[in-house]
Each structure stands twice: as structure tokens, then as C-alpha cells.
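Trainee: Could you take me closely through the part of this model where the protein chains meet, and then through the surfaces that lie along the DNA?

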Protein chains: 2
Amino acid sequence: MQELDATDKRILAALDDDPRLPVMVLAQRLGLARGTVQSRLERMSESGALRPNSSRVLPAALGRGVAAAVSAELDQHRLNEAIAALRDIPEVLECHAPAGDTDLIIRVVATSPDDLYRVSEEIRLCPGIVRTSTSMFLREVIPYRTTGLLRE
Amino acid sequence: MQELDATDKRILAALDDDPRLPVMVLAQRLGLARGTVQSRLERMSESGALRPNSSRVLPAALGRGVAAAVSAELDQHRLNEAIAALRDIPEVLECHAPAGDTDLIIRVVATSPDDLYRVSEEIRLCPGIVRTSTSMFLREVIPYRTTGLLRE
DNA sequence: GCCGTACTGGTCAATCTGTTCAATAAAGCA
DNA sequence: TGCTTTATTGAACAGATTGACCAGTACGGC
């Protein structure tokens with residue numbers, strides 16, 4: 001992956017609210033030539049520095065107002081099996097392997113507390129998953145952002 | 001916030017890779033009138049169903065290849081103070097208040113394990129934060145996605 | 001001093017945008 | 001059932017934007 005430089009960050013920051021801002025507008029707003037902005041936008045989309053656009057969609061707008069983290073303990077021999085099964089659950093948004101006692105931390109969403117129970121059950125039943133512990137998020141204290149890092 | 005319907009989701013799914021796809025192309029690809037796509041795009045950006053574009057930027061592309069979750073225990077009387085302080089740390093990407101024993105779960109990134117130490121120190125020093133416990137992510141097993149939910 | 005790379009500022013035709021409009025579904029309600 | 005409201009369609013327009021070029025310039029490394 002390509003590291004983004006200061007100009008890239010300025011472009012991204014300017015696109016923050018409206019990613020469909022015309023290139024010309026961007027260019028004059030940033031004091032750059034149109035071609036420059038254009039080529040950098042192209043490079044950034046190619047380089048894989050950006051998540052797919054759908055990652056912008058708030059789960060709440062898809063009816064998933066409930067969020068939680070599920071910690072899972074694994075049968076280490078069946079790691080890949082478990083991951084494949086998790087990948088097939090749409091409510092699983094993300095999954096990390098932390099250092100420490102838990103093997104996986106799984107970000108999930110659901111339509112209701114009851115639905116969350118169903119989802120965590122579905123996770124518990126994945127092959128290779130031995131034990132899970134679900135902790136529901138009561139509040140989103142700071143919504144996901146990268147703005148601070150862009151301003152450096 | 002407005003709930004997204006099937007057409008909205010189809011539009012978003014079509015925009016998944018390239019959010020700058022021209023409206024005309026979208027319309028014919030989805031078999032819709034241009035005006036329809038246009039008004040829905042407008043409504044979606046207004047309705048707050050989408051995160052800012054900058055949330056697409058991978059921290060790794062900003063030199064933050066190290067990710068972690070910091071669990072924090074709070075002095076409950078100083079909750080807002082703590083949150084305000086956390087908001088000022090650019091490496092804090094997100095923060096949730098879960099049900100259970102920990103008060104806050106803080107998503108952070110850093111340039112290196114050493115830098116992660118610095119960041120978690122900075123969190124520990126926030127007013128109102130009593131104790132923290134950092135667990136570094138060794139691997140991103142499933143990168144953030146909402147694709148599954150969009151296809152419903 | 002030379003080279004490669006990136007940026008600038010300019011042009012071009014083709015396409016797209018924002019905006020209107022009347023006509024046509026579709027959906028909710030009496 | 002019939003009426004009202006709302007969303008969608010297809011069409012038109014002028015004006016702006018796009019992608020593709022180009023030659024000239026700035027800059028860092030060798």
C-alpha cells in the first residue's frame with residue numbers, strides 16, 4: 001500500500017463531506033492544477049488506501065441500531081474454518097485477533113437486543129468456536145473518524 | 001435518521017468500489033431514471049445515513065499500521081471530561097461504552113508498538129480515567145465491511 | 001549538469017450535471 | 001371504489017465537468 005502524503009490528505013479532507021465534489025472545484029479550492037488532483041484521486045483509489053464506499057453506510061441506517069463486541073475462544077486447530085464461517089454472517093462487520101487471552105474480537109450489529117442474542121448464538125455455533133462472551137454497546141461515545149490523522 | 005430501502009441499497013452497492021461513478025452510468029446500470037438516482041443520492045447524503053468520506057481512509061495508509069483496543073475504567077463523575085480529552089487524541093478512532101465491567105472501549109491506532117505505548121499513556125493521563133488495559137491487534141481477520149447487510 | 005518524476009496551465013470534444021416539466025405509476029386513506 | 005399524495009419516469013436545456021492530451025516548468029537524486 002502507498003503511504004499518503006500531505007497533498008493526498010488535503011484532497012481527502014476536502015472530500016470529507018461530499019466525495020462527489022467535482023475535480024475542478026477541488027482543484028481551485030486547494031490551489032492545485034486539475035490534472036494533479038485527478039491523478040492523485042486515481043492513484044489513491046488504485047492503491048488500496050481506501051475502504052470500499054459501502055463502509056460509509058451506518059448500520060443504524062440499515063436497521064441495525066444495536067452494536068456489540070463478541071469475544072470468542074477458539075479451537076486453534078480450526079481457526080480458518082471459524083473465520084470462514086464468520087465471514088458468512090452479514091452481521092459480523094469486522095474481526096480482529098488480539099494479543100492476550102481471547103482469540104478473536106468480533107464486531108457485530110443487530111436489529112434489537114433479541115436479534116443480538118440470535119447473532120451471538122450464530123457465532124457460538126460456528127465450527128471451531130468454543131466459547132463466546134458478548135458485550136453490548138450502550139452508547140457510541142465517539143463515532144468512527146480519521147479526521148484527526150488527516151490533519152497532520 | 002432515515003432507513004434505507006432496497007433501491008438505496010442497490011445504489012450504494014453499485015457505488016461500492018467507485019463512489020464517483022457518474023449518476024447517468026449508475027442509472028442505466030440499475031435500470032432507473034437518472035432523476036431517481038440523483039434524488040436518492042441527495043437524500044442519503046442529507047439524511048446522515050453515511051459516515052464522512054474520510055472514514056474510508058485506512059489508518060495504515062496514514063502510517064498507522066498498529067491497531068489496538070484500550071479498555072478504560074473511569075471516575076464516573078468525570079465522564080464528560082474524559083470523553084472530551086479522548087476526542088482530542090487523533091489516534092483515538094472510535095469509542096464505545098459497553099455494558100459490563102469496563103466503562104469505555106477505545107479503538108486506537110499507532111505507527112509502531114512503541115508509539116502505541118505512547119498513545120495508551122496519553123489515554124491513561126486523560127482526566128477522569130483511572131485505569132486502562134491495552135490489547136494490541138495482531139491481525140485484522142475480517143476487515144470492516146457492510147456488504148452483507150447491503151445485499152438484503 | 002542531466003534525468004526522471006511530478007506539477008502546471010492550456011486545449012479539445014464528449015459527456016455529465018442541475019434543473020425544469022408533464023405524464024405515469026404506486027401507495028395511503030376515506 | 002375513488003381521491004390524494006408521493007415517487008418515478010422520460011425528455012429537454014444550457015452550462016459545467018470529464019478524460020485525454022500537450023508543452024513548459026520545478027525539483028530531487030545521481
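Mentor: In this predicted model, the contact draws 66 residues from chain B and 66 residues from chain A. Between them, chain B and chain A bury about 6700 Å², and 57% of that area is on carbon and sulfur atoms. Polar pairing is also present across this interface, where the count is 42 residue pairs in polar contact, both residues being at pLDDT 80 or more. The rule for salt bridges finds 4 of them between chain B and chain A, and A:R64 forms one with B:E152, with 2.6 Å between the closest N and O atoms.

On the side of chain B that touches chain A, the elements of chain B giving two or more residues are the helices α1 (6–14), α4 (79–87) and α6 (147–150), together with the strands β2 (92–98), β3 (104–110) and β4 (129–142). The element that gives the most to this side is β4(B), with 8 residues. Sorted by class, the side of chain B that touches chain A holds 40 nonpolar, 11 polar and 15 charged residues. The strand β4(B) is also joined to a strand of the partner chain, for 4 bridges link it to β2 (residues 92–98) of chain A, and the two run antiparallel. Within β4(B), B:I142 is the residue that stands opposite A:C95.

Turning to the DNA, we can take one strand at a time. Both protein chains take part in the surroundings of DNA strand D, with A:P22, A:V23, A:M24, A:V25, A:R34 and A:Q38 from chain A, and B:R20, B:L32, B:A33, B:R34, B:T36 and B:R40 from chain B. Of the atoms of DNA strand D that come within 4 Å of the protein, 68% belong to sugar and phosphate. Two phosphate contacts can be described here: a backbone N or O atom of A:V23 lies 2.9 Å from a phosphate oxygen of this strand, while an N or O atom in the side chain of B:R40 is 2.4 Å from a phosphate oxygen of DNA strand D. A base is approached as well, since a polar side-chain atom of A:R34 lies 2.8 Å from a base oxygen of DNA strand D. The helices α2 (23–30) and α3 (34–47) of chain A, along with α3 (34–47) of chain B, each supply at least two residues of the surface near DNA strand D, and that surface has 6 nonpolar, 2 polar and 4 charged residues.

For DNA strand C, the residues around it are A:L32, A:A33, A:R34, A:T36 and A:R40 from chain A, with B:P22, B:V23, B:M24, B:V25, B:R34 and B:Q38 from chain B. Sugar and phosphate make up 58% of the atoms of DNA strand C that come within 4 Å of the protein. An N or O atom in the side chain of A:T36 is 2.5 Å from a phosphate oxygen of this strand, whereas B:M24 has a polar backbone atom 3.4 Å from a phosphate oxygen of DNA strand C. The side chain of B:R34 places an N or O atom 2.8 Å from a base oxygen of DNA strand C. At least two residues of the surface near DNA strand C come from each of α3 of chain A, α2 (23–30) of chain B and α3 of chain B, and by class this surface divides into 6 nonpolar, 2 polar and 3 charged residues.

Notes: Residues numbered from 1 in each chain as written. Chains lettered and ligands numbered in written order. Predicted model: local features only at pLDDT ≥ 70, side-chain atom pairs only at ≥ 80, totals over all residues. Heavy atoms only, no water. Contact = heavy atoms within 4.5 Å. Buried area = accessible area lost by both parts, 1.4 Å probe. Salt bridge = Lys/Arg side-chain N within 4 Å of Asp/Glu carboxyl O. Polar contact = N/O pair within 3.5 Å; in protein donor to acceptor, adjacent residues only side chain to side chain. Nonpolar A, V, L, I, M, F, W, Y, C, P; charged D, E, K, R; others polar. Pairing = 2+ DSSP bridges. Near = heavy atom within 4 Å.
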